[in-house]
Amino acid sequence: MKRKQRLTIPKFKQMKVDKNPITMITAYDYPSAILAEEAGVDMILVGDSLGNVVLGYDSTLPVTIDDMVYHTRSVVRGAQDTFVVADMPFMTYHGSVDQTLRNVARLMQEGRAHAVKMEGGAEIALAVDAVVKAGVPVVGHIGLTPQSVHQIGGFRVQGKIPEDAKRLLEDAKALERAGAFAIVLELVTEEVATYISEQLNIPTIGIGAGRGCDGQVLVFHDVVTYASPYRNKKFVKTYVDVGSLIRQGISQYVQEVKEGSFPAPEHVFTAEDTVVESLYGARKQERKAETVQ
Ligand code: KIV
């Protein structure tokens, strides 16, 4: 399933034209990146959902640029043939252009990402424009933007009233004008997301935004149930419960150590008789037999 060549921005744009859905999943470390690449995803997002599903926070707000750099670097090492987008964390692109570009540079140079993602609409268009002009590809993100969850007042579906639909469309167009090459639409009604997708030349990637987007993105730990807090979300489909398998394996290991069946003879390294004799003297044979039993 693994693709031989990393996809590029012109190819993502062509996928929209060809109606070839873009597949994206989040990953946060080397093994999850290897698995995502082997499974053949088109694009990996090192999302700041890292905060919820890996670091144990109750929101994405505590995630820092250092966290993102560290995790992006390990994802890129694991998925060398996949296009990797790194999230700009909370408040790292709301100061001066200079500060924004410094943070972007860290994700690109130290994290080795291929693009960054920024949450927000028309209000961040100037920042997006500056990043794109610095030569860094940007994915926009509108709809439910988790970094603004306190302002939005919870995880509410967006695009339920005409004013909201109009604002989302204007935001999407502002991001496209600013040079974003794709836009994530999160928790948006299907009709509004479809209309926005039709109005843009760049691809939309939906999460909880229905079937009319040009691609889909899901969080790794929602696609495969893991140990992270798992809530049943309407827009998520969970394909495999690896958490149960892992728990089962670890509890079997604990039980076997307790009862003495692990390590078994095939797991141990034995020393020559001369070594055992040098340690135990005359008791050597007896001692060696005890040890390897
Ligand atoms: O951080 C993240 O995982 C995201 C996706 C939900 C799109 O932004």
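## Ligand surroundings

A polar side-chain atom of Asp-48 is found 3.1 Å from an oxygen atom of the ligand. This description refers to a predicted model. Asp-87 likewise places a polar side-chain atom 3.1 Å from an oxygen atom of the ligand. For Ser-49, an N or O atom in the side chain is 2.5 Å from an oxygen atom of the ligand.

These three residues belong to a longer list of residues around the ligand, which also includes Thr-26, Leu-45 and Gly-47. Further along the chain, Lys-117, His-141, Val-184 and Glu-186 are also around the ligand, as are Ile-207 and Val-219.

## Packing of H2 and H4

Two packed helices are described by the angle between their axes and the distance between the axes. For helix H2 (residues 30-39) and helix H4 (residues 65-78), the angle is about 40° and the axes are 7 Å apart. An angle under 35 degrees would count as roughly parallel; H2 and H4 are therefore oblique to each other. The crossing in which H2 passes H4 is right-handed.

On the H2 side, the contact is formed by Tyr-30, Ala-33, Ile-34 and Glu-37. H4 contributes Ser-74, Val-75, Arg-77 and Gly-78. Classified by side-chain character, the contact of H2 with H4 comprises 4 nonpolar, 2 polar and 2 charged residues.

## Packing of H8 and H9

Helix H8 (residues 162-178) and helix H9 (residues 190-199) cross at roughly 30°, and their axes come within 10 Å. This angle makes H8 roughly parallel to H9. The crossing of H8 and H9 is right-handed.

From H8, the residues making the contact are Ala-165, Leu-168, Leu-169, Ala-172 and Lys-173. They meet Val-192, Tyr-195, Ile-196 and Gln-199 of H9. By class, the contact of H8 with H9 contains 7 nonpolar residues, together with 1 polar and 1 charged residue.

## Backbone features in loops

Two loops contain backbone features that merit a record. The peptide bond joining Phe-262 and Pro-263 is cis, with omega at about 0°. Pro-263 is located in the loop between helix H11 (242-259) and helix H12 (273-280).

The other feature concerns Lys-19, which has a positive phi of about 55° although this residue is not a glycine. Lys-19 sits in the loop that lies between helix H1 (9-17) and strand E1 (22-26).

Technical notes
Residues numbered from 1 in each chain as written. Predicted model: local features only at pLDDT ≥ 70, side-chain atom pairs only at ≥ 80, totals over all residues. Heavy atoms only, no water. Axes fitted to C-alpha atoms, helices over the stretch in contact; angles between N-to-C directions. Helix = DSSP H or I, 4+ residues; strand = E, 2+ residues; numbered from the N terminus. Parallel < 35°, antiparallel > 145°, perpendicular 65-115°, else oblique. Left-handed = near helix turned anticlockwise from the far one by under 90°. Contact = heavy atoms within 4.5 Å. Nonpolar A, V, L, I, M, F, W, Y, C, P; charged D, E, K, R; others polar. Near = heavy atom within 4 Å. Polar contact = N/O pair within 3.5 Å; in protein donor to acceptor, adjacent residues only side chain to side chain.
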